[in-house]
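Colleague: I am new to this structure and should be grateful for a close look at its aromatic side chains. Please explain how the rings are arranged and what surrounds them.

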Amino acid sequence: MKKALRIAVFIIVCLASVFLVSKLIRTLTVVDELTRLQTDHFIITYHGIYEREAQEVGKELEANYERIRTELKDAEHDIIHVFVYANQEAFNKATGLLHSVANGTSRGPLEFHFIWTNWFNSIFPDNPRKTAVHEFTHCVQLNILIKDAIQTLEYEDEESFNTAFEKKFKTDYPQWFWEALCTYEANELNSISVKYGMRNHLTLQELNASNQIYNVGYTLIEFLVHKWGKDKLPEFLRSYCNFEKVLGVSEEEFEQGWREYVNRNY
Ligand SMILES: [Zn+2]
């Protein structure tokens, strides 16, 4: 028994040493100057990660660029500025999101920020390539909504437009859809998380203010696409989620159908 304990302690010490040495090597060898990488549709600014990791971000974003914009019917989109951070502290400082545990945030249709998560900066790191696609999808949603709002809202100058749009967005655009669409387009799906998220029978209204949207969001859009087709997505988005007009059902009927769909498939 004593021998087994000694072996266990030895293995733990070895693993901890490998972890700490790897972390040290990474800290000493990543790009430590603010560096830019330009792809066809993105300018990626980074430091604290490897150049090849920034290239992976660019590759992943470009690979999804046309698909997502075509699916959501995003007519035109200027170049997008992407900022990648090595850890939560750097992200929070740069974005001003103090005490935040978020791993990404979009700033209008042409800018987003996110953390390159890995085993050295998170307890259970998620896939940072997916985080990038998730934040990009927020930019696409905003671009479409803003282009529509320019035609429909009343305003005198840029400042009054921004105020009017922000108010409309906050009041009328459901948070559940804002997040669910991103999890769907970034393929952020884990069936264990879906089951965990569904255990409390949350309504869409409740999901507007619940982190469970990140666990179940994918399935909401999957259900919509399964039942009404992908073509309804841009129309539903631009209607600010008008169930009756676009899908021909009430919000409650949609919720009921979604729960049954998840029960059957997960
Ligand atoms: Zn999001």
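Modeller: What follows describes the aromatic pairs, then the charges placed over rings, and lastly one helix with a tyrosine at its kink.

The model is a predicted one. A pair of aromatic rings is described by two quantities, the distance of the centres and the angle of the planes. The count of aromatic pairs in this model comes to 26. One of them joins Phe19 and Phe120, whose ring centres are 5.3 Å apart; their planes meet at 40°, so the pair is classed as tilted. An angle under 30 degrees would have counted as stacked and one over 60 as edge-to-face. Phe19 belongs to helix α1 (residues 2-29), whereas Phe120 is in the loop between β5 (111-115) and α4 (128-152); the pair therefore ties together parts that are 101 residues apart in sequence. As to their surroundings, Phe19 is partly exposed, with a relative accessible area of 35%. Phe120 is likewise partly exposed, at 27%.

A further tilted pair is formed by Tyr184 and Tyr218, with 5.2 Å from centre to centre and 40° between the planes. Here two helices are involved: Tyr184 lies in α6 (residues 175-185) and Tyr218 in α9 (residues 213-228), so this pair ties together parts that are 34 residues apart in sequence. Tyr184 has a relative accessible area of 12%, and is buried because that value is under 20%. Tyr218 is also buried, with a relative accessible area of 12%.

Two tyrosine rings have a charged side chain over them. Lys168 lies over the face of Tyr240, at 4.3 Å from the ring centre. At Tyr196, the charged end of Arg199 sits over the ring, 3.9 Å from its centre.

One more tyrosine deserves attention for its place in a helix. Tyr65 is the centre of a kink of about 40° in α2. Helix α2 (residues 51-71) has 21 residues, which at 1.5 Å a residue should span 30 Å; the end C-alpha atoms are 31 Å apart, and this agrees with the expected span. Tyr65 is among the buried residues of α2, which also include Glu53, Val57, Leu61, Asn64, Ile68 and Arg69. In an α-helix there are 3.6 residues a turn, so residues three or four places apart point the same way. After α2 comes Lys73, which has a positive phi, near 55°.

Note on methods:
Residues are numbered from 1 along each chain as its sequence is written. This is a predicted model: local features need pLDDT of at least 70, side-chain atom pairs count only at pLDDT 80 or more; totals for chains, interfaces and linings use all residues. Side-chain values use heavy atoms; hydrogens and water are left out. Rings of Phe, Tyr and Trp (its six-membered ring) pair if their centres lie within 6.5 Å; planes under 30 degrees apart count as stacked, over 60 as edge-to-face and the rest as tilted. Helices (H or I, at least four residues) and strands (E, at least two) are DSSP runs, numbered from the N terminus. Buried means under 20% relative accessible area, exposed over 50%, partly exposed in between (1.4 Å probe, protein chains only). A charge sits over a ring if NZ of Lys or CZ of Arg is within 6 Å of the ring centre and within 35 degrees of the ring normal. The expected span of a helix is 1.5 Å times one less than its number of residues. The bend at a residue is the angle between axes fitted to the seven residues ending there and the seven starting there.
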